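User: I have a model open and want to go through its features one by one. Please keep the answers short and show the reasoning.

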Amino acid sequence: MGVFKKKQNNGSDLNKRWQEAYQANPHLYQNDEGSLIVGFALTEDTDSLFLIVPEKQ
C-alpha cells in the first residue's frame, strides 16, 4: 500500500478521523532575499491537516 492508501470507512469513522487529526502549525521564516520558507512537523502514520496558504495565517 502506498502513502495515499484508500480505506473503506463509513461516514462516522471518517468524521472521527477529521476531528482527531493533528492540526499542523506552520513555522514561517524569511530569508535575506525576502522569500518565505515554511516548515511543518510531520509524523508518520498520523492524520494531519495543513493550511493551503500558510503565509496568510
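User: Which residues form a nonpolar patch on the surface?

Analyst: This is a predicted model. Patch members need over 30% relative accessible area. V38 is partly exposed at 32%, and L28 is partly exposed at 34%. Together the patch has about 220 Å² of accessible area, and its members are L28, L36 and V38.

User: Which strand holds L28, and which holds V38?

Analyst: Strand β2 covers residues 27–30, and L28 is found there. Strand β3 covers residues 36–39 and includes V38. So, with strands numbered from the N terminus, the answer for L28 is β2 and for V38 it is β3.

User: In which sense do β2 and β3 pair, and over how many bridges?

Analyst: The two strands form a hairpin with 5 residues between them. One bridge joins H27 to its partner G39 in β3. The pairing of β2 and β3 is antiparallel, over 4 bridges.

User: Which residue in the turn of that hairpin has a positive phi?

Analyst: The turn belongs to the hairpin of β2 and β3. Its phi there is about 95 degrees, and the residue is G34.

User: What is the phi of D45 near, and why is it worth a look?

Analyst: Most residues other than glycine have a negative phi. D45 is not glycine, yet its phi is positive. D45 is found in the loop between β3 and β4, and is exposed with a relative accessible area of 74%. Its phi is near 65 degrees.

User: What is the order of helix and strands along the sequence?

Analyst: The chain has 1 helix and 4 strands. Read along the sequence, the pattern is α-β-β-β-β.

User: Which side chain meets D47 in a salt bridge?

Analyst: Side chains of opposite charge can pair when their charged atoms come close. The cut-off is 4 Å from nitrogen to carboxyl oxygen. Here the N to O distance is 2.9 Å, and the partner of D47 is R17.

User: How many residues apart are the two partners?

Analyst: The salt bridge between D47 and R17 links distant parts of the chain. D47 sits in the loop between β3 and β4, while R17 is in helix α1, residues 11–20. Their separation along the chain is 30 residues.

User: Are D47 and R17 buried, partly exposed or exposed?

Analyst: Buried means under 20% relative accessible area, and exposed means over 50%. D47 has 35%, and R17 has 37%. Both values lie in between, so D47 and R17 are partly exposed.

User: How many aromatic pairs are there, and what is the geometry?

Analyst: The count comes to 1 aromatic pair. It joins F40 and F50, with 5.1 Å centre to centre and 85 degrees between the planes. Planes over 60 degrees apart count as edge-to-face, so the F40 and F50 pair is edge-to-face.

User: Where in the chain do F40 and F50 lie?

Analyst: The two rings link distant parts of the chain, 10 residues apart. F40 is partly exposed at 30%, and F50 is partly exposed at 38%. F40 lies in the loop between β3 and β4, and F50 in the segment after β4.

User: What separation do the C-alpha atoms of L28 and F40 have?

Analyst: L28 and F40 are 12 residues apart along the chain. Their C-alpha separation is 9.1 Å.

User: What percentage of the chain is made up of buried residues?

Analyst: The chain has 57 residues. It exposes about 5600 Å², with carbon and sulfur atoms supplying 50% of that area. Buried residues make up 7%.

Terms used: Residues are numbered from 1 along each chain as its sequence is written. This is a predicted model: local features need pLDDT of at least 70, side-chain atom pairs count only at pLDDT 80 or more; totals for chains, interfaces and linings use all residues. Side-chain values use heavy atoms; hydrogens and water are left out. Patches are made of residues with over 30% relative accessible area and no salt bridge: like charges are joined within 9 Å, nonpolar side chains (Val, Leu, Ile, Met, Phe, Trp, Tyr) within 5 Å. Accessible areas come from the Shrake-Rupley method with a 1.4 Å probe; for residues, only the protein chains shown count as cover. Buried means under 20% relative accessible area, exposed over 50%, partly exposed in between (1.4 Å probe, protein chains only). Two strands pair if DSSP finds at least two bridges between them. Rings of Phe, Tyr and Trp (its six-membered ring) pair if their centres lie within 6.5 Å; planes under 30 degrees apart count as stacked, over 60 as edge-to-face and the rest as tilted.
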